[in-house]
Amino acid sequence: HQEVFKRIVQSTKCLRFPPKMNQSVVDLVNQLLNREVTTRLGNRKTGIEEIKGHPWYTDAKFDWLQLEQRGLKAPYVPKIKDPLDTSNFESFPYEPPVKPYRGDNSLFADF
């Protein structure tokens with residue numbers, strides 16, 4: 001988990017975009033990942049409106065009302081066999097369950 005946190009914090013140092021990527025997308029991602037909270041896109045005076053007004057969304061004529069009304073179609077819907085199907089996720093090593101604590105519970109009386 002530390003490695004993921006480290007990559008997030010250092011994202012601007014290690015994040016690389018393809019040369020032909022739309023520059024407004026690059027700008028949007030970089031502003032959303034700004035480490036300085038007070039200047040991060042969406043955290044300034046106008047809040048979410050600042051994100052909605054970003055050129056990438058305005059150039060694409062993104063329909064925020066349709067999004068709010070859940071009227072947009074997903075660009076990709078994975079095929080699943082049933083609600084418990086995990087075939088679209090990577091497998092990970094098995095970790096045995098943690099044994100419940102059986103000691104003195106009086107320590108937690110006022111918790």
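**Close-up 1. Glu50 in helix α4.** In this predicted model, E50 sits in helix α4, which covers residues 48-52. Is E50 buried or exposed? Its relative accessibility is 18%, so E50 counts as buried, given that buried means under 20%. A polar atom of the E50 side chain lies 2.9 Å from the backbone nitrogen of G42. Setting aside neighbours within four places in sequence, the residues in contact with E50 are R40, L41, G42, N43 and R44. G42 therefore appears both in that contact list and in the 2.9 Å pair, with the contact cut-off being heavy atoms within 4.5 Å.

**Close-up 2. The buried residues of helix α3.** Which residues of helix α3 (residues 23-32) are buried? They are S24, V26 and L28. Among the elements that cover these buried residues is α5, spanning 55-59.

**Close-up 3. A nonpolar patch on the surface.** Here Y101, L107, F108 and F111 together make a nonpolar surface patch of about 590 Å². One of these residues, F108, is found in the segment after α6 (64-68). With a relative accessibility of 47%, F108 counts as partly exposed, because that class lies between the 20% and 50% limits.

**Close-up 4. Confidence along the protein.** A friendly word on how far to trust each view: the mean pLDDT of the protein is 89, and 96% of its residues reach 70 or more. Where is confidence lowest, and where is it highest? Helix α2 (residues 11-14) has the lowest confidence, at a mean of 70, while α4 has the highest, at 96. The helix that holds E50 is thus the one with the highest confidence.

Terms used. Residues numbered from 1 in each chain as written. Predicted model: local features only at pLDDT ≥ 70, side-chain atom pairs only at ≥ 80, totals over all residues. Heavy atoms only, no water. Helix = DSSP H or I, 4+ residues; strand = E, 2+ residues; numbered from the N terminus. Buried < 20%, exposed > 50% of the residue type's maximum accessible area, 1.4 Å probe, protein only. Polar contact = N/O pair within 3.5 Å; in protein donor to acceptor, adjacent residues only side chain to side chain. Patch = residues over 30% accessible without salt bridge, like charges linked within 9 Å, V, L, I, M, F, W, Y side chains within 5 Å. Areas by Shrake-Rupley, 256 points an atom, 1.4 Å probe, with all protein chains shown as cover. Salt bridge = Lys/Arg side-chain N within 4 Å of Asp/Glu carboxyl O. pLDDT = per-residue confidence, 0-100.
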